[in-house]
Amino acid sequence: MIFAAILAGGAGVRMGGGDMPKQFLEIKGKPIISYTVEKFAVNPRFEKVIVLTPRMWIDHTREILRRTLSGCDRIEVIEGGATRNETIMNAIRYIDDLGQLDDDTVIVTHDSVRPFVSHRIIEENIDAAVRDGACDTVIPASDTIVESISGVTISAIPERRTMYQGQTPQSFSAKLLRDTYNTLTEDEKDILTDAAKILVMKGIPVTLVRGETYNIKITYPYDLRIARSLIEEPYDD
Amino acid sequence: MINTVYRLASPRRFEIAFSDIEPHESVIVRPTHLSICNADQRYYQGTRDAKVLQQKLPMALIHEGVGEVISDPSGRFCAGDRVVMVPNIPCEQDDCIAENYLRSSRFCGSSADGFLQEYIGIEPERLVPLTPGIDLDVAAFTELVSVSVHAVTRFMDIAHRRRERIGVWGDGNLAFITSLVLSRMLPDSRVYVFGISREKLSDFSFADGAYLTTEIPDELTVDHAFECVGANGSPVAIEQIIDVIRPEGTIAILGVSEYPVPVNTRMILEKGLRLFGTSRSGKADFQRTVELYRAHPTVPSYLSRLIGNIVEVYDFADIKRAFELDARKAFGKTILHWKL
């Protein structure tokens, strides 16, 4: 079975200083999270779309999704965890509690603030996770990546053609991800930046899925301006 | 829902745009098999009038296609249903004028975005369910077939009852489809095809006769005729039809020409001929076409011979590749397996 886990844990501290987490900011009168969840809710391959959010925002999230996605009974809003990966583990625990966690269970994890994710990216994530056990959505790095350990001078400039920028979804065999995560020490967990790294640290291959440059993460006010300007009125001559 | 739309911005150049479609307001269809029409090519290659191009672009092309229903708030369709999308969008109802001739109607890929989109938000009335098991590569160009079905249906209302011999001028896709449809919808008539390529004419094995336009037997006449040539060939074809057709015959004009076509009105008057034009089709024609596929399994089987190129579209660049391949073909249809 295939499950989507929409990670809506961000507190929005970078988004202009307001109290509202950035997934609730609106584009054309609709919250960003609604656009994102819609893309998964319309895909019939998902058994459930699990939305994970801090406890204080659960009711608000439920209400928003009820309003914008009425009629879809596959959406569940549950509490996230303290970190991104603990949030994903909560999703897997939820699936386990439903009695639907087995060797074939796949979880497609996605940032709630990437509403431009496409049908193709989602489909290729599912196919790659079913086939290979794990995948990460990436685009080739267009800028040269500069490494600086000191933050003052350059320590290395990796060859650009081997560099990619990570996006989401990241998709996994749910049991493989959970079992590998449970083998990590607390020190190892501390240096995790995303879920794919759980497997990479243990030498487990993670397949690349081609992302899109427009699959942007709405993090800064500038991103929101871009997102708003990208969505046009329908063509009508 | 944010929907990616792939629009032609100027000849040979596509761009990405995003629209917002509301899943609770319309049926959401995921396009799966699309087909390129000559009308799309005229936009792509920039052979339409410059003013028209300036007015209509950027616009998503493609008006021939089938898809899979994702969701339907009206409850008329189930998720997973295979459907053909009707590109004509009527904006008013008229008791006399068909929806495809109303000047107020909009048309996907001409006055509204076509099907080169991630998802299509569409009214349930604009969808026709497909028979399970139908060859989806054939079903992709149902719109083109429905235009022939529309023409033959109108012909049956208009033309006099003597229909022993019907001529079809042209040896391209439209002529192939029209003569095939005629042979099934009017099984008691003999269908003769007139073209300029001996090789192409050999494909019309279902017809009762196929002739080069330069080798029409003197004694051969037809009761009625369908012109499926269009473009620069229209004047010569219509001239020959007027010559070969018997008095009081009906001529259906299907071929599109960008230029005015001179017609020998003197002989139209002398023979008492009727000319009628057909363009596009309405939902009822799509329904008749799907029923034709079901009742006559040889129709989709013959139509599958038109499939030329099949292009898997995973990438933006694949759209352009499909149009370039299509532009180079002499005959047949280019089908897009839509994965974007």
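**Exercise 1. Find the residue of E2(B) that stands opposite A:Glu232, and place the pair in its sheet.**

Step 1. In this predicted model, A:Glu232 stands opposite B:Ser19 in E2(B).

Step 2. Look at the strands around that pair. Strand E10 of chain A covers residues 231-232 and is joined to E2(B) by two bridges. The two strands run parallel.

Step 3. Move to the other pairing of E2(B). Eight bridges join E1(B) to E2(B), and here the strands run antiparallel. B:Thr4 stands opposite B:Phe18 in E2(B).

Step 4. Assemble the sheet. The order is E10(A)-E2(B)-E1(B)-E4(B), an open sheet of four strands with mixed pairing. E10 of chain A and E4 of chain B each have a single partner strand, so each leaves one side without a neighbour in the sheet.

**Exercise 2. Describe the side of chain B that touches chain A: which elements supply it, and what classes of residue does it hold?**

Step 1. Count the residues. Chain B brings 28 residues to the contact, and chain A brings 21.

Step 2. List the elements of chain B that supply at least two residues each. They are strands E1 (2-10), E2 (13-20), E3 (27-35), E4 (59-60) and E5 (64-71), plus helix H2 (50-56).

Step 3. Pick out the main contributor. E2(B) gives the most, with five residues. E2(B) is also the strand that E10 of chain A joins through two bridges.

Step 4. Sort by class. This side of chain B has 15 nonpolar, seven polar and six charged residues.

**Exercise 3. Divide chain B into domains and describe how domain 1 touches domain 2.**

Step 1. Set the bounds. Domain 1 takes 2-142 + 281-338, and domain 2 takes 146-277.

Step 2. Place the domains. Their centres, taken over C-alpha atoms, are separated by 27 Å.

Step 3. Count the contact. Domain 1 of chain B uses 16 residues, and domain 2 of chain B uses 14.

Step 4. Name the elements on the domain 1 side. Helix H9 (283-295) and helix H10 (298-303) of chain B each give two or more residues. H9(B) has the largest share, five residues.

Step 5. Sort the domain 1 side by class. The split is seven nonpolar, five polar and four charged.

**Exercise 4. Give the strand order of the six-stranded sheet of chain B, then say which helices lie across E14(B).**

Step 1. Write the order. It is E13-E12-E11-E14-E15-E16, an open sheet with parallel pairing.

Step 2. Mark the edges. Strand E13 (209-212) and strand E16 (274-277) of chain B each pair on one side only.

Step 3. Add the twist. From one strand to the next, it averages 20°.

Step 4. Check one pairing. Four bridges join strand E15 (residues 250-253) of chain B to E16(B), in parallel. B:Thr250 has B:Arg274 as its bridge partner in E16(B).

Step 5. Lay on the helices. Helix H4 (residues 142-158) of chain B lies across E14 (224-227), E15 and E16, at about 155° to E15(B). Helix H5 (residues 173-185) of chain B lies across E11 (165-169), E12 (190-195) and E14, at about 170° to E12(B).

**Exercise 5. At what angle does H4(B) pack on H5(B), and at what angle on H9(B)?**

Step 1. Take H5(B). The angle to H4(B) is about 50°, with the axes 9 Å apart. H4(B) is therefore oblique to H5(B). The crossing is right-handed.

Step 2. Find the residues. H4(B) contributes B:Leu144, B:Val145, B:Ser148, B:Val149, B:Ala151 and B:Val152. Those from H5(B) include B:Ile177, B:Val181 and B:Met185. By class, this contact has 10 nonpolar, three polar and no charged residues.

Step 3. Take H9(B). The angle to H4(B) is about 100°, with the axes 8 Å apart. An angle from 65 to 115 degrees counts as roughly perpendicular, so H4(B) and H9(B) fit that class.

Step 4. Find the residues. In H4(B), B:Thr142, B:Val145, B:Ser146, B:Val149, B:His150 and B:Thr153 take part. They meet B:Asp285, B:Phe286, B:Arg288, B:Thr289 and B:Leu292 in H9(B). This contact divides into four nonpolar, five polar and two charged residues.

Step 5. Compare the lists. B:Val145 and B:Val149 of H4(B) are in the contact with H5(B) and also in the one with H9(B).

Conventions
Residues are numbered from 1 along each chain as its sequence is written. Chains are lettered from A and ligands numbered from 1 in the order in which they are written. This is a predicted model: local features need pLDDT of at least 70, side-chain atom pairs count only at pLDDT 80 or more; totals for chains, interfaces and linings use all residues. Two residues are in contact if their C-beta atoms, placed from the backbone, lie within 7 Å. Ala, Val, Leu, Ile, Met, Phe, Trp, Tyr, Cys and Pro count as nonpolar, Asp, Glu, Lys and Arg as charged, and the others, Gly among them, as polar. Two strands pair if DSSP finds at least two bridges between them. Domain bounds come from an automatic or database domain assignment. Axes are lines fitted to C-alpha atoms, for helices over the stretch in contact, and angles run from 0 to 180 degrees between N-to-C directions. Angles under 35 degrees count as roughly parallel, over 145 as roughly antiparallel, 65 to 115 as roughly perpendicular and the rest as oblique. A crossing is left-handed if the near helix is turned anticlockwise from the far one by less than a right angle, and right-handed if clockwise.
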